[in-house]
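Me: Please take a close look at one part of this model, namely how its secondary structure elements pair and pack. Give the cut-offs behind the terms as you go, and add any backbone details worth checking in the loops.

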Amino acid sequence: MFQFGGWGYIEPPEVHVLTLEDFERIFVIDSARERLFGRLLDLVSDLKGLGATGFYLWVDGSFVTKKRFPKDIDVVVFFRESDIENMIDFLVPILSNYENDLDIFFTTKQDEWSWKAFFSTDRGYRLKGFVQLKFTASP
């Protein structure tokens, strides 16, 4: 498991895989987080509704820190190559549905290394961890 360091970031600085239930228990601690978490659940439901299977999310930003009342959630959705190719026309409208609450990027596992580098430090180049949430086609 992880802990929060002096800057309020997740430590150790690595990818921490959590269940949706653990994620909610740890990070949904105020009304703003509750609303944003609801939007994240809506996104997952929308993606499953498009037929996405085996996708996973990396979650970063202030939502996965000790900051009170974050404004949004930074999310990268990793798809299988075949899924993203089949759904690309449906993914673009999804972005506008969540633009005020979720900062969403859609990609494939092929880009994982660049997102890991980006999510592993803050603007001051301090190391930090982030969260992975994994989903399947079933609820």
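Reply: Helix α2 (residues 31-49) and helix α3 (residues 81-97) have axes that come within 12 Å and cross at roughly 165°. That crossing makes α2 roughly antiparallel to α3. Angles under 35 degrees count as roughly parallel, over 145 as roughly antiparallel, 65 to 115 as roughly perpendicular and the rest as oblique. The axes are lines fitted to C-alpha atoms, for helices over the stretch in contact, and angles run from 0 to 180 degrees between N-to-C directions. Helices (H or I, at least four residues) and strands (E, at least two) are DSSP runs numbered from the N terminus.

This is a predicted model, in which local features need pLDDT of at least 70 and side-chain atom pairs count only at pLDDT 80 or more, while totals for chains, interfaces and linings use all residues. Residues are numbered from 1 along each chain as its sequence is written, and side-chain values use heavy atoms, with hydrogens and water left out.

On the α2 side of the helix pair, Arg-39, Leu-43, Asp-46 and Leu-47 are in contact (heavy atoms within 4.5 Å) with Leu-91, Ile-94 and Asn-97 of α3. The residues of this contact divide into four nonpolar, one polar and two charged. Here Ala, Val, Leu, Ile, Met, Phe, Trp, Tyr, Cys and Pro count as nonpolar, Asp, Glu, Lys and Arg as charged, and the others, Gly among them, as polar.

Next, the sheet. Five strands form an open, mixed sheet in the order β3-β7-β4-β5-β6. Its edge strands, β3 (15-18) and β6 (102-108), each pair on one side only; two strands pair if DSSP finds at least two bridges between them. On average, neighbouring strands of this sheet are turned by 25° against each other, direction ignored.

Strand β4 (56-60) has neighbours on both sides in the strand order. Five bridges join β4 to β5, the two running antiparallel, and Trp-58 has Val-76 of β5 as its bridge partner. With β7 the pairing of β4 is again in the antiparallel sense, over four bridges, and Val-59 is matched with Val-131 of β7. Five of the five residues of β4 are buried, so this strand is largely enclosed by the rest of the structure. Tyr-56, Trp-58 and Asp-60 cover one side, and Leu-57 and Val-59 the other. Buried means under 20% relative accessible area, exposed over 50%, and partly exposed in between (1.4 Å probe, protein chains only).

Strand β5 (residues 73-79) runs parallel to β6, to which seven bridges join it; one of the partnerships is Val-77 with Phe-106 of β6. Helix α2 packs on the sheet, touching β4, β5, β6 and β7, and its direction makes about 15° with that of β5. Helix α1 (residues 20-27) lies across β3, β4 and β7 (130-134), at about 110° to β3.

Three loop positions have backbone details to check. Glu-11 and Pro-12 are joined by a cis peptide bond, with omega about 0°; Pro-12 lies in the loop between β2 (10-11) and β3. Phe-69, in the loop between β4 and β5, has a positive phi near 55° although this residue is not glycine. At 47% relative accessibility, Phe-69 counts as partly exposed. Tyr-125, in the loop between α4 (112-119) and β7, also has a positive phi, near 65°. With a relative accessible area of 70%, Tyr-125 is exposed.
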